[in-house]
Amino acid sequence: MYYVIFDLEWNNAYNYKLGRGMNEIIEIGAVKLDERLTVTDTFKQLIKPKLSSKLSSRFKNLTHITMDEILQNGIPFERAISDFARWSSGADSIFMSWSNSDLYVLTDNCKKFLGSAYVDFIKRYADLQKFCQSFIETADSNQISLSHCAAAFDIDLSEENLHRALEDCYLAAECLRCVYDKSRLSEYIIECDAAFFERLVFKPYYLTKTITDEFNVYEQELRCLFCNSKLRVLTDYESINKSFRVVCECKKCKRKFWAFIRARVTYDGVVVTKKINIMNSKRARSVEKTEKI
């Protein structure tokens with residue numbers, strides 16, 4: 001069995017076809033560890049960008065990678081991924097990265113440049129950041145950075161060696177060695193199939209139309225906060241702040257309410273949330289007067 005710790009450096013570029021920014025991979029680095037956590041092999045490759053001929057200031061300041069270096073040593077994304085897959089894949093390989101953001105970017109780039117989100121050579125994956133952070137009692141729910149984790153484990157590091165893919169992999173491996181527990185690590189390992197990767201890059205969104213193929217706001221049932229009776233809708237639904245807002249009334253207790261319905265499309269279907277707020281008396285009288293006109 002091997003552990004493959006990989007790290008990516010990416011440049012933010014604009015994808016005109018998708019009409020949004022996209023993190024484009026510029027460098028892949030990886031180390032391969034045996035069951036004793038000894039480094040048995042390494043991988044490092046620069047990638048020529050397809051979307052932008054310019055590197056962002058943030059990227060250059062963090063990595064110190066230059067466009068001249070990329071043009072001299074970089075190869076196309078398709079070839080780089082093929083080389084990385086051939087170098088790293090294996091039935092017993094467990095892939096790791098520091099948080100799943102690198103895995104997300106890898107999947108997103110594969111979907112854009114290779115036509116499929118399925119990174120088929122990654123069969124099992126573990127979030128190394130989550131695993132290591134579970135050993136830090138003072139850590140909060142926010143993701144801890146690799147450098148902060150190294151400091152917490154009393155690992156010597158030089159900031160100038162960070163933010164290059166291979167160097168970050170070595171540091172991540174050092175963090176793993178400090179807290180390695182094979183049984184505990186197994187709890188963090190995820191089996192990766194095609195649906196796993198599609199779910200990873202699926203971007204949830206909110207519906208703003210009252211009736212779609214997936215959802216009909218008029219079929220949603222609203223109930224009184226006080227007596228749980230079904231509410232009667234008094235106005236038409238309006239779309240506001242990614243929600244549908246409507247005024248409704250309880251026939252039984254004669255109270256009026258604002259009702260808010262939000263429909264969020266996820267990979268697994270539409271998730272509907274409802275919020276009922278009692279309307280103040282002044283606004284309720286205004287609605288009542290409007291009804292009578």
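In the predicted model, the buried residues of helix α7 pack against four strands, β1 (2–15), β2 (20–33), β3 (39–46) and β4 (93–97), and against two helices, α5 (128–133) and α6 (146–152). The buried positions of α7 are A165, L166, D168, C169, L171, A172, A173, C175, L176 and V179. An α-helix has 3.6 residues a turn, so residues three or four places apart point the same way. Helix α7 comprises residues 165–179, and because each of its 15 residues is taken to advance the helix by 1.5 Å, a span of 21 Å is expected. The C-alpha atoms at the two ends lie 22 Å apart, in agreement with that expectation.

Strand β4, one of the packing partners of α7, contains S97. The relative accessibility of S97 is 0%, and S97 is therefore classed as buried, the limit being under 20%. A polar contact of 2.6 Å joins the side chain of S97 to the side chain of Y125. When residues up to four places away in sequence are left out, S97 touches F6, D102, L103, Y125, A126, D127, L128 and Q129.

S97 also takes part in the lining of the largest cavity, together with I5, F6, D7, W98, L146, D168, C169 and A172. F6 is thus found both among the contacts of S97 and in this lining. Across the whole structure, one cavity of 30 Å³ or more was found. The space in the largest cavity amounts to about 40 Å³. Strand β1 and helix α7 each provide at least two of the lining residues. From α7, the buried residues D168, C169 and A172 belong to the lining. By class, the lining of the cavity consists of six nonpolar residues, one polar residue and two charged residues.

The largest pocket has a volume of about 590 Å³. Its lining is made up of 25 residues, of which D7, E9, W10, H163 and D168 are the closest to the pocket centre. D7 and D168 appear in the lining of the largest cavity as well. The greatest contribution to the pocket lining comes from β1, with six residues. At least two residues each are supplied by β1, α1 (57–63), α4 (101–113) and α6. The pocket lining comprises twelve polar, eight nonpolar and five charged residues.

Note on methods:
Residues are numbered from 1 along each chain as its sequence is written. This is a predicted model: local features need pLDDT of at least 70, side-chain atom pairs count only at pLDDT 80 or more; totals for chains, interfaces and linings use all residues. Side-chain values use heavy atoms; hydrogens and water are left out. The expected span of a helix is 1.5 Å times one less than its number of residues. Buried means under 20% relative accessible area, exposed over 50%, partly exposed in between (1.4 Å probe, protein chains only). Contact means heavy atoms within 4.5 Å. A polar contact is a pair of N or O atoms within 3.5 Å; within protein, one must be able to donate a hydrogen and the other to accept it, and residues adjacent in sequence count only if both atoms are side-chain atoms. On a 1 Å grid over the protein atoms alone, a cavity is a set of points where a 1.4 Å probe fits but cannot get out, and a pocket is an open set with protein on both sides within 12 Å along at least five of seven lines; lining residues have an atom within 4 Å of a point. Grid points are joined across faces, edges and corners, and a volume is the space filled by probe spheres set on the points. Ala, Val, Leu, Ile, Met, Phe, Trp, Tyr, Cys and Pro count as nonpolar, Asp, Glu, Lys and Arg as charged, and the others, Gly among them, as polar.
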